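Subject: Structure for you to look at, with notes

Dear colleague,

I am passing on the structure we talked about, and my notes on it follow below. Please keep it open beside this message while you read.

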Amino acid sequence: MKQKYKTVKVGRNDPCPCGSGLKYKKCCLGKEGLEPDNLKKLYAREYKIRLKDEADIEGIRRAGRLVVDTLRLLEAEIRPGIATDDINTLVHEFTIKNRAIPAPLNYRGFPKSVCVSVNEVVCHGIPGERVLKDGDIVNVDVTSILNGYYADANKTFFAGAPGPDARKIVRVARESLKVGMSMVRPGNTVGDIGWAIQRYAEGEGCSVVREFVGHGVGFEFHESPHVPHYGAKGEGIGLVPGMVFTIEPMINLGKRDLYILEDRWTAVTRDRSLSAQFEQTVLVTKDGFESLTPFDL
């Protein structure tokens, strides 16, 4: 479940938002020198970002294990002939069985427990009667709440034998996530993530969706910051230890333009080209990152 993006940019040469009078790059970019409590206060005040402590991180990590286990369950079940609503049932029952809550259910009126997006559907596909056919690609976006903590991840699967276009877009979407995650470390910015993804995906002849982005997660379904999958290197909020957010590039085989169906949820490529996505929840650590929803890419 993604939110529309509103730009927040703090360039390296801009005045630091902490009020020191120094340039951002000479002051709080990286934040290695700030005490953790002061860092928490600064990021809460300036960006409404709630940095996580060790107990919070472990709670999100446990929720993340459940999300990954759910995706692993689906990998064995997705095939031609299965309806998207059957996927919803599998996710719902497995989540409840593990004493967790499916976060999408009734979120802002969303009627199901998971988003299932097939072929030209970019995101927010509502499970229903649609039956998967041989060669389809299907993205399943799982968010679980376990003991009050949220974790969020998705994968795009093949139903049956994919054609060359399906193979390409899934490969590029998967690699886009890897490229974005490789930019996560203290001292880099949110803009570095988007820049790396856009540079790679467009270099492969694909396009990057602008309307929906990654987001902070953990205490709530959607938190600050927004994490666009396009942008300029060095711009945006500086990454610091304790930040937890999703990276979830939506990559189209054709043009990036989309439209929303009458159900007010389902986003579809305007040119009906294939769209694929991979997502993980990541933690910024002292020397890099940790995926809290780890699966092989």
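Two strands are said to pair if DSSP finds at least two bridges between them. Strand S7 and strand S11 (residues 250–252) satisfy this, pairing in the antiparallel sense over 2 bridges, and in S11 the bridge partner of Ser207 is Asn252. Please bear in mind throughout that this is a predicted model, and that what follows was computed from it.

Open sheets

The pair just described belongs to an open sheet in which 3 strands follow the order S7-S11-S14 with antiparallel pairing. Strand S7 (207–208) and strand S14 (275–277) stand at the edges with a single partner strand each, so one side of each has no neighbour in the sheet.

Another open sheet, also of 3 strands, has the order S4-S13-S12, and its pairing is antiparallel. Here the edges are taken by strand S4 (121–123) and strand S12 (258–260), each of which has a single partner strand, so one side of each is left without a neighbour in the sheet. From one strand to the next, the twist in this sheet averages 40°. S4 is joined to strand S13 (residues 267–269) by 2 bridges, the two strands running antiparallel, and the bridge partner of Val121 in S13 is Val268.

Strand S3 and its surroundings

In a regular strand the side chains alternate between the two faces of the sheet. Strand S3 (residues 115–118) has Cys115 and Ser117 pointing one way and Val116 and Val118 pointing the other way, and all of these residues are buried. S3 pairs in the antiparallel sense with strand S5 (residues 137–146) over 4 bridges, and the bridge partner of Ser117 in S5 is Asn139.

The loops on either side of S3 each hold a residue that you may wish to look at. Arg108, in the loop between strand S2 (101–102) and S3, has a phi near 50°, a positive value in a residue other than glycine. Asn119, in the loop between S3 and S4, likewise is not a glycine and has a positive phi of about 55°. Is Arg108 buried or exposed? Its relative accessibility is 60%, and since exposed means over 50%, Arg108 counts as exposed. Asn119, at 13% relative accessibility, counts as buried, because the cut-off for buried is under 20%.

Helix H5

The 14 residues of helix H5 (residues 190–203) should span 20 Å at 1.5 Å a residue, and the end C-alpha atoms are 20 Å apart, which agrees. Of these 14 residues 10 are buried, so H5 is largely enclosed by the rest of the structure. Among the buried residues of H5 are Val190, Ile193, Ile197, Tyr200 and Ala201, and also Asp192 and Gln198.

Strands S10, S15 and S16

Strand S15 (residues 280–284) is mostly covered, with 5 of its 5 residues buried. The cover extends to both faces, as Gln280, Val282 and Val284 are buried on one side and Thr281 and Leu283 on the other. S15 pairs with S10 in the antiparallel sense over 4 bridges, and the bridge partner of Phe245 in S15 is Val282. S15 is also joined by 3 bridges to strand S16 (residues 289–291), the two running antiparallel, with Val284 standing opposite Phe289 in S16. S15 and S16 form a hairpin, with 4 residues between them.

The cavity

How many cavities of 30 Å³ or more does the structure hold? There is 1, and the largest cavity has a volume of about 30 Å³. The elements that give two or more residues to its lining are strand S9 (223–227) and strand S10 (244–247), and the largest share, 3 residues, comes from S9. The lining of the largest cavity includes Glu223, Ser224 and Pro225, as well as Val244 and Phe245, together with Ile49, Arg50, Leu51 and Lys52. By residue class, the lining divides into 6 nonpolar, 2 polar and 3 charged.

Two of these lining residues, Ser224 and Pro225, deserve a separate note. The peptide bond from Ser224 to Pro225 is cis, with omega near 5°, and Pro225 lies in strand S9.

With best wishes

Notes. Residues numbered from 1 in each chain as written. Predicted model: local features only at pLDDT ≥ 70, side-chain atom pairs only at ≥ 80, totals over all residues. Heavy atoms only, no water. 1 Å grid on protein atoms, 1.4 Å probe; cavity = no way out; pocket = protein on both sides within 12 Å on 5 of 7 lines; lining within 4 Å. Points joined across faces, edges and corners; volume = space filled by probe spheres on them. Nonpolar A, V, L, I, M, F, W, Y, C, P; charged D, E, K, R; others polar. Axes fitted to C-alpha atoms, helices over the stretch in contact; angles between N-to-C directions. Buried < 20%, exposed > 50% of the residue type's maximum accessible area, 1.4 Å probe, protein only. Expected span 1.5 Å × (residues − 1).
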